[in-house]
Amino acid sequence: MLGHGIFNVYRFNKMRRTIIYKVTNGCNLGCGYCYERRRLGEMKLNCSDVMAPLLPYLEQEAEQHSGNRYMICLHGGEPLLMGVDKFDKIASTLEKLNRETDNSFAFSLQTNATLMTEQWASVFARYKDLMGERGIGVSIDGDEETHNRFRKIVGGQGSYHAAIRGIERLREHHVPFGILTVTTQYSLQRADAIFESILNLRPKFWRLLPCYNLDGNGSLTSYALDPLDYASYLKKQFNNWVKSGKMREIIVDPFTSIISVIKGKPVPWCEYRVDKCENFLSVETDGSLCICDTFPEMTYKDQSRLAGCDFHAALIDMPDYYSKLKSDLDMHCANEDCPVKEVCHGGCYGMRWVFKSLNEALYRNYCNAKRSIITHIMNAVRLTEY
């Protein structure tokens with residue numbers, strides 16, 4: 001019954017869609033685990049002059065449909081490479097649509113923060129009311145040693161101090177920010193140092209993400225994690241979070257999302273919701289469309305590219321291959337005697353699809369890892385008044 005209630009919260013409200021807008025393929029960092037470099041090959045150091053013309057489609061969507069909510073996630077590469085002027089045009093258009101139509105538009109942005117100038121922080125402060133509730137997302141992998149292991153400026157220099165300066169500029173302009181951390185093999189023995197360093201930055205939220213990079217044979221790379229190792233690491237960080245006494249002061253995911261589902265509250269993170277990829281549309285710099293960049297391009301009703309597509313149909317329809325994949329994965333969950341499936345809701349379909357296609361052992365470990373961390377948190381929640 002728990003999953004049923006969450007389903008109702010989302011399915012029968014007005015449409016809420018996240019549009020991942022890839023504003024550049026360029027990046028000034030050369031992170032060793034970068035999934036964009038693995039997906040696209042070598043990346044440029046500057047922003048391409050070609051950026052998919054999304055704004056006219058948003059304007060048309062807002063004029064023809066009312067009462068809906070849209071989150072425009074500005075992504076890259078490194079989105080600050082688009083320049084302040086291009087960002088200002090995007091933000092002012094969203095502001096105009098909020099003012100002139102019966103819709104709600106917000107934006108989020110994920111950055112490495114090394115290019116965060118006073119001008120950027122100032123313009124973010126100006127459009128603070130347009131931001132998603134969690135503010136600007138900054139990629140920081142923990143303490144300086146852990147962060148610089150993989151997150152290097154092109155040329156080899158560590159990016160930690162540049163990223164911290166960027167965060168300080170956001171803080172000076174009272175711009176809310178959160179931290180996204182990629183967990184690798186190197187992180188496993190540094191849980192305490194990572195926790196303390198992130199807490200000292202005083203972010204609004206912190207999301208811990210696993211590095212599950214596979215090589216050409218479907219095996220984990222030397223720095224990537226087995227899901228079971230990731231679950232063990234999460235248990236350590238959950239315990240640190242509880243001991244810190246900061247559970248109500250800082251949102252930490254996946255812990256906050258798991259607790260919210262346990263308590264019957266809606267969550268924004270697709271991985272712990274019943275409706276998942278249905279809420280996403282990714283617009284690449286060349287105008288190609290996909291659900292998210294874990295999946296191949298859309299292949300139905302000629303909605304594979306922005307130019308000439310029925311944009312509203314692309315937002316609300318799902319390609320046939322996704323519907324079949326979802327059905328198969330849901331059936332697997334339904335057939336399993338799993339004690340946490342009403343909390344997990346199947347996890348990340350994209351990651352499960354990759355594991356199921358390439359490495360059956362990792363696919364099993366993915367489910368076992370979910371059971372491990374969710375059970376750990378469920379037992380702890382019974383002992384706390386969070």
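A residue is called exposed here when its relative accessible area is over 50%, and buried when that area is under 20%. The structure on display is a predicted model.

**Helix 3**

Select residues 55-64, which form helix 3. Its buried residues are Leu 55, Tyr 57, Leu 58, Glu 61 and Ala 62. These cover an arc of only 160° around the axis and therefore lie on the same side of helix 3. Turn to the other side of helix 3, where Glu 63 and Gln 64 are exposed. Next, display what the buried residues pack against: strand 1, strand 2, strand 3, helix 4 and helix 11 (311-316).

**The sheet**

Now show the strands. They include an open sheet of 9 strands in the order 7-6-5-4-3-2-1-8-9, with mixed pairing. Strand 7 (251-253) and strand 9 (289-290) stand at the edges; each has a single partner strand, so one side of each is left without a neighbour in the sheet.

Within the sheet, select strand 3 (residues 104-111) and strand 4 (residues 136-139), which run parallel and are joined by 2 bridges. Gln 110 can be picked out here, standing opposite Gly 137 in strand 4.

**Helices on the sheet**

Add helix 4 (residues 84-100), which lies across strand 1 (16-22), strand 2 (69-75) and strand 3. The direction of helix 4 makes an angle of about 155° with strand 3. Helix 10 (residues 255-262) also packs on the sheet, where it touches strand 6 (205-210) and strand 7. The angle between the directions of helix 10 and strand 7 is about 95°.

**Thr 114**

Move to the loop between strand 3 and helix 5, where Thr 114 is found. Is Thr 114 buried or exposed? Its relative accessibility is 15%, so Thr 114 counts as buried. Display its side chain together with those of two asparagines: a polar contact of 2.9 Å joins Thr 114 to Asn 28, and another of 2.7 Å joins Thr 114 to Asn 112. Leaving aside residues up to four places away in sequence, Thr 114 touches Asn 28, Leu 29, Ser 159, Ala 162 and Ala 163.

**Helix 7**

Ala 162 and Ala 163 are among the buried residues of helix 7, as are Tyr 160, Ile 164, Gly 166, Ile 167 and Leu 170. Select the 13 residues of this helix, 160-172. From first C-alpha to last, helix 7 reaches 18 Å, close to the 18 Å expected at 1.5 Å a residue. The cover over its buried residues includes helix 5 (118-126), helix 6 (144-150), strand 4 and strand 5 (177-183). Finish just after helix 7 at His 174, which takes a positive phi of about 60°.

Conventions
Residues are numbered from 1 along each chain as its sequence is written. This is a predicted model: local features need pLDDT of at least 70, side-chain atom pairs count only at pLDDT 80 or more; totals for chains, interfaces and linings use all residues. Side-chain values use heavy atoms; hydrogens and water are left out. Two strands pair if DSSP finds at least two bridges between them. Helices (H or I, at least four residues) and strands (E, at least two) are DSSP runs, numbered from the N terminus. Contact means heavy atoms within 4.5 Å. Axes are lines fitted to C-alpha atoms, for helices over the stretch in contact, and angles run from 0 to 180 degrees between N-to-C directions. The expected span of a helix is 1.5 Å times one less than its number of residues. Buried means under 20% relative accessible area, exposed over 50%, partly exposed in between (1.4 Å probe, protein chains only). A polar contact is a pair of N or O atoms within 3.5 Å; within protein, one must be able to donate a hydrogen and the other to accept it, and residues adjacent in sequence count only if both atoms are side-chain atoms. The arc is that of the directions from the helix axis to the C-beta atoms.
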